[in-house]
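Here are my comments for a colleague who is meeting this entry for the first time. They are set out as numbered points and are best followed with the structure open alongside.

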Amino acid sequence: MSRSRDIAFHLNPRVREGVVVRNSMIGGDWGQEEREAGMNPFMEGQYFDMSIRCGNQRFKVFVNGQHLFDFFHRVHSFNEIDMLEIEGDIQISYIHF
């Protein structure tokens, strides 16, 4: 959330560790990390298709058509989220809002 500098949803696929870390930053403090997932679809150099859907209670994340996990909102005003930031060694071919 750019106005407050809070991060509503931070997604960090750690390819070498084989985990997908999720978190949020509110008021300058990171929350409790979530790492549990049934699978890790991210592999170095491999194409993937990701969909992040924002609902009233949570983000739902799908990768390659499979539901990967839900991340429940930690910010109360999720409807004020107005920024997407992507960092890292990745090529983006398509973004749709």
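1. In which loop is the place of asparagine 64? Asparagine 64 is found in the loop between S5 and S6, and please keep in mind throughout that what is shown here is a predicted model. The phi of asparagine 64 is near 50°, a positive value in a residue other than glycine. For background, most residues other than glycine have a negative phi. Asparagine 64 has a relative accessible area of 42%, and because exposed would require over 50% and buried under 20%, it counts as partly exposed.

2. As to the overall fold, the secondary structure of the protein chain consists of 0 helices and 6 strands, so that reading along the sequence gives the pattern β-β-β-β-β-β. The C-alpha trace spans about 35 × 30 × 25 Å along its principal axes. For 97 residues, a compact globule would be expected to have a radius of gyration near 13 Å, and the 13 Å of the protein chain agrees with this.

3. Turning to surface and packing, 23% of the 97 residues of the protein chain count as buried, while the chain exposes about 7400 Å², of which carbon and sulfur atoms supply 47%. Among the contacts with a separation of 6 or more, 32% come from residues 24 or more positions apart. The protein chain carries 10 positive and 14 negative charges, and the mean positions of these two groups are 4 Å apart.

4. Which residues make up the largest nonpolar core? This core has 11 residues, namely Ala8, Phe9, Val20, Phe42, Phe59, Val61, Val63, Leu68, Phe69, Phe71 and Val75. The elements that give two or more residues to this core are strand S1 (7-14), strand S5 (58-63) and strand S6 (66-72).

5. Phenylalanine 59, one of the residues of that core, deserves a look of its own. Not counting residues up to four places away in sequence, phenylalanine 59 touches Ala8, Phe9, Ile52, Arg53, Cys54, Phe69, Asp70, Phe71, His73 and Ile81.

6. Cysteine 54, which is among the residues that phenylalanine 59 touches, lies in strand S4 (residues 50-54). With a relative accessibility of 44%, cysteine 54 counts as partly exposed. Leaving aside neighbours within four places in sequence, cysteine 54 is in contact with Phe59, His73 and Phe78. The C-alpha atoms of cysteine 54 and glycine 18 are separated by 25 Å, and these two residues are 36 residues apart along the chain.

7. Is glutamate 33 partly exposed or buried? Glutamate 33 is partly exposed, its relative accessible area being 34%, and its place is in the loop between strand S3 (29-30) and S4. Apart from neighbours within four places in sequence, glutamate 33 is in contact with Arg14, Val21, Arg22 and Asn23. Glutamate 33 and glutamate 44 are 11 residues apart along the chain, and their C-alpha atoms are separated by 23 Å.

8. Finally, isoleucine 86 lies in the segment after S6 and, at 44% relative accessibility, counts as partly exposed. Once neighbours within four places in sequence are left aside, isoleucine 86 is in contact with Ile92 and Ile95. Although isoleucine 86 and leucine 11 are 75 residues apart along the chain, their C-alpha atoms are separated by 9.6 Å.

Note on methods
Residues are numbered from 1 along each chain as its sequence is written. This is a predicted model: local features need pLDDT of at least 70, side-chain atom pairs count only at pLDDT 80 or more; totals for chains, interfaces and linings use all residues. Side-chain values use heavy atoms; hydrogens and water are left out. Helices (H or I, at least four residues) and strands (E, at least two) are DSSP runs, numbered from the N terminus. The radius of gyration is taken over C-alpha atoms; the globule rule is 2.2 Å times the number of residues to the power 0.38. Buried means under 20% relative accessible area, exposed over 50%, partly exposed in between (1.4 Å probe, protein chains only). Contact means heavy atoms within 4.5 Å. Accessible areas come from the Shrake-Rupley method with a 1.4 Å probe; for residues, only the protein chains shown count as cover. Lys and Arg count as positive and Asp and Glu as negative; His and the chain ends are not counted. The place of a charge is taken as NZ of Lys, CZ of Arg, CG of Asp or CD of Glu. A nonpolar core is a set of buried Ala, Val, Leu, Ile, Met, Phe, Trp, Tyr and Cys residues joined through side-chain atoms within 4.5 Å.
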